[in-house]
Amino acid sequence: MSELSGIFVLKPESVTATKGKDVTFMAKVDSSKLLRKPVMKWLKGKWLDLGSKAGKHLQFKETYDRNTKIYTYEMSIIKVVDGDAGGYRCEVTSKDKCDSCTFEVSVQAVQEEQQDNILEAFKRSGDAGEDAGDLDFSALLKKRQKKHQEVKEEVDVWEILKAAKPCDYEKIAFEYGITDLRGMLSRLKKMKKVEPKKSDAFLRKLDAAYSVDKGKRIQLTVEVADPDVPVKWLKNGQEIKPSAKYVFESVGNKRTLTINKCNLSDDAAYECVVGEEKCFTEVFVKEPPITITKLLDDVHTVVGEKVEFEVEVSEEGANVKWMKDGVELTKDSAGSKYRFKKDGKRHILIINEATLEDIGMYHALTNGGESQAELEVEDKELEVLQSIADLTVKATDQAVFKCEVSDEKVTGKWFKDGVEVQASDRIKMTHIGRTHKLTIDDVKSSDAGDYSFVPDGYAFSLSAKLNFLEIKIDYVPRQDPPKIHLDAGGSGNKNTIIVVAGNKLRLDVEITGEPAPTVCWMKGDQVVSEAEGRVRVETRKTLCSFVIEGAEKEDEGHYSITVTNPAGEDKAQLFVKIVDVPNPPENVKCTSVGEDSAIITWDPPSFDGGVPVKGYLMERKKVGSSRWTKLNFDVYESNTYDAKRMIEGVLYEMRVFAVNGIGISQPSENSKPFMPIAPTSEPCRLTVEDVTDSTCALKWRPPEKIGAGGIDGYIIEYCKEGSNDWVQANEGLVGMSQYRVKGLPVGEKMLFRVVAVNKAGRSPPAVLSQAVTIREIMENPKIRVPRNLRSKLIARVGDKVNLVIPFQGKPRPVVNWFKDGALLEDKSVGTRTSEVDTILFIRSAERTHSGKYTLSVQIENMSDSADIHIQVVEKPGPPIAVHVTDVWGFNAALEWKQPKDDGNCEIIGYTIQKADMKTKEWFTVYEHNRRPSCTVSDLVMGNEFSFRVYSENICGLSEEPGVSKNTAIISKTGLDLKAPAFKEKDIKSSPKFTAPLVDRSVVAGYAAAISCAVRGFPKPKIVWMKNNMILGEDPKYLMQNKQGVLTLNIRKPSLFDGGKYSCRAINDLGQDEVECKLEVRVVQEKGEGVKK
């Protein structure tokens, strides 16, 4: 939260500007105590930022003085207009400090410049007409000769007006010839300066305005003159009650209102009221910036497709501005082409039908973030799968023109000789899926001509010719042998028919012969029946049709047609080939990745559909997203594709479509997720840590640049100096940043290098600058005794002892342990030695383990040793020979001897206790007594005492005490007790309430109680009253008196039970009374409140 502070050196002042003139406002800020450069905002009204309106009309200027460290900010309004009038505010912020000030701008009409003579300034003028300008009556006055008058002392009429009463203004104006009374009053009002009234209640008032970010807290603080005066806080005129959101604080003269978790409803005017005086302020709540959590994705599409750009922001209800190539898109400017959709935090820009004009960069902007994406649109290519063919038909026959295109949505028109064909009962036009048909029933000679099909939106057409065949009937009976007129209509092999799987095959075969021949269709050895079914034969006069509904792969094969009549026989062979779209490609995978690219490979489809595969189409998407992005529109022929323009560190998936002459296959299975990443930089600071006769220890730091792929591990390689044959030292990747290379030849000079490996591959190597000679380095043995072991180590019996002592020396030294000069052979003391340290451990220490332990390290004839002293201690035994040596008066003298067992350490004191032989309860007399003797005093006369002594060392007191063998008897002497005379005390007192009644507010229907406390003797009589009326034996009230605590219980109070309650205590010495107010309130239920 920004702290409000006065950092303005000069604040802008309110002005009255003349219309058409320029006006400039200036503010100065002292930056000597600021951590950052201050940011100045000029605002009009509440939120209008004038910085966005800078131009010819509004100009801003900023200067800085290095000597004084003062920033000067200027705002100039060029040629003031009426719309510039209003309230303004300037706000300066710098990290955790802010300040603001307000000023007013009023605009007045253009007035003539005042003349020296004040009387002339208020004479109206205007010579353009009777309605133009102000009235001027000077022309009606007669001209007089100028008389020389004595020079009078000039009178300041404004001082007279300022001192006069308002009722005398007209008289003074008439006396001094002022005719423009309205102008006079306006100028007089501006000249009067209202001196601020000094506040008697406030020492420091609220600032003019406060600013706080949404969700933060803010404190409003005033200082009052009277530290005990109550303060009220108001928000928009309504009193604020203390709660978790509004916290009131009172410290000395300061009164603070804290507003927690500010929201837009807290943007209001606040007042602080002390008695009759008030001070005002205004709190401005600023919303935090809206950030974009999900960025836009690039879109690649074709003309006519629907396009959606989607972003996700940090808060619901945020405003998102959409722009295309720097131009804002709005509902008014976009029309029906663009649609804007909001769904919670998701904001979607929808382009209904994409065109080439929509290509460009699209931006989504919030007040805290921005995202952009590119839209690529390509023309849609229409592919003709089956063209229309020429037809020759006879009268009354049916003519069918049929074509098939690649897009099911494409519509078109049929033309005959350039004239559009109109549908009728005889002529029908159909569009089913990708197939367009023109059917002409009962063909006439007028139907002959050139027919064409033109797809809508495409600049090409499909044409064919309809030939009308006239038949002349010869009534001369004759016999003609049968003849098959077969036209497969395909390319390549004449008798091969190619059918797309799922389509319908209808092969019309014309058969001639007299009399009418018999037709037989066969597939292999099986006869194709004429019954209805998916594969059937339809016979009609001289036309025999072979039909396959929804062609399948099983329908492929060799077919034969045989026609016979008495005049002969004819036979024809044909082959039906079923083709389909290919199967999906297989085994799609990513073989390698780069910083923003990846190499994708796949295997061809297992079945090409009977037509060679032309190529492939690729799509990719982000993991977790449902939107696939097309990577190519032209068929890609290779099985390896380099996908580019990806974001490093984001997981992607790929899928591939196969394309042949029939169409596009189903998509392949998604590839395993892959992430575009770049190899890391080389490892840093490769150094040699240790060298032996056959090994070398290396150490390095991780690479400076790692990237999103992280590090899987390291590979260490070595080679001989002068050679370039690098040998890998580790079989698997090394996860640590250190490694010891083993098996090196002795005396050779070797080079080493380290490579970091991640999913993207190997990084550049980090190579040692100099070769390393593989030879053991001699180092004198040296023991480094830890500081805590340089003095005697004291341990208790049963404790664990674990000593770690590091040493150094090369080659590895021989380590030996000795105890008290002899080689350590105690099996209860264990040792373990590594290359750099040795450990001596005792699982459970015994006193026999105490002694001097010597560590010796030796390399050939060089050695080093260190002594470690261990002392194992336990609690001591009890003192011995405890006895009383002398008794006199109320005293007894004790002596004893030191314990036989001191616990293997020095006795540091004794604890002496005594016990009366009657009660036999022990009480401590002395602690930490250093000597083996003491004198016990203040013994009770006539009693017999026994004594016991505990010995103490650093482990504590002994388990058992040493008890005195004899006792000390304190004999009685002649003493007379003179008891003082008993004097009875007068405890009588008048009643006095020690705890008063307290005002209470209770809920109707719930039991309530009020309490007080009284003292007095004799016991006073208690009387309870309500509104000065004594409460009798009303069962509603239960009165109790327990040890002077008086309680009045009220059973289920109602509104009538509210009032003033008093309690009176009376005895013979006087009376006392206390009172309180009881308020009974009714709580409305939620259902009743809603109903009302």
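Buried means under 20% relative accessible area, exposed means over 50%, and partly exposed is in between (1.4 Å probe, protein chains only). Keep that handy for the exercises.

This is a predicted model, so local features need pLDDT of at least 70, side-chain atom pairs count only at pLDDT 80 or more, and totals for chains, interfaces and linings use all residues. Residues are numbered from 1 along each chain as its sequence is written, and side-chain values use heavy atoms, leaving out hydrogens and water.

**Exercise 1.** Work out which parts of the chain the salt bridge between Glu959 and Lys875 ties together.

Step 1: recall the rule. A salt bridge is a side-chain nitrogen of Lys or Arg within 4 Å of a carboxyl oxygen of Asp or Glu.

Step 2: check the distance. For Glu959 and Lys875 it is 3.5 Å, N to O.

Step 3: place both ends. Glu959 is in the loop between strand 77 (956–957) and strand 78 (962–963), and Lys875 is in the loop between strand 70 (862–873) and strand 71 (880–888), so the bridge ties together parts 84 residues apart in sequence. Strands here are DSSP runs (E, at least two residues), numbered from the N terminus.

Step 4: look at the cover. Lys875 has a relative accessible area of 38%, so call it partly exposed; Glu959, at 57%, counts as exposed.

**Exercise 2.** Find the salt bridge partner of Glu538 and the network they belong to.

Step 1: Glu538 meets Arg506 at 3.1 Å, N to O.

Step 2: Glu538 lies in strand 43 (residues 535–540) and Arg506 in strand 40 (residues 505–514), so this pair connects parts 32 residues apart in sequence.

Step 3: Glu538 is partly exposed at 26%, and Arg506 is partly exposed at 38%.

Step 4: shared partners join Lys504, Arg506, Asp508, Arg536, Glu538 and Glu549 into one network. The whole structure has 41 salt bridges.

**Exercise 3.** Classify the ring pair Trp896 and Tyr910 as stacked, tilted or edge-to-face.

Step 1: get the rule. Rings of Phe, Tyr and Trp (its six-membered ring) pair if their centres lie within 6.5 Å; planes under 30 degrees apart are stacked, over 60 edge-to-face, and the rest tilted. That rule gives 16 aromatic pairs.

Step 2: apply it. The centres are 5.5 Å apart and the planes are at 65 degrees, so Trp896 and Tyr910 are edge-to-face.

Step 3: locate them. Trp896 is in strand 72 (residues 891–897) and Tyr910 in strand 73 (residues 909–916), 14 residues apart.

Step 4: check the cover. Trp896 is buried at 5%, and Tyr910 is buried at 2%.

Definitions and conventions. Helices (H or I, at least four residues) and strands (E, at least two) are DSSP runs, numbered from the N terminus.
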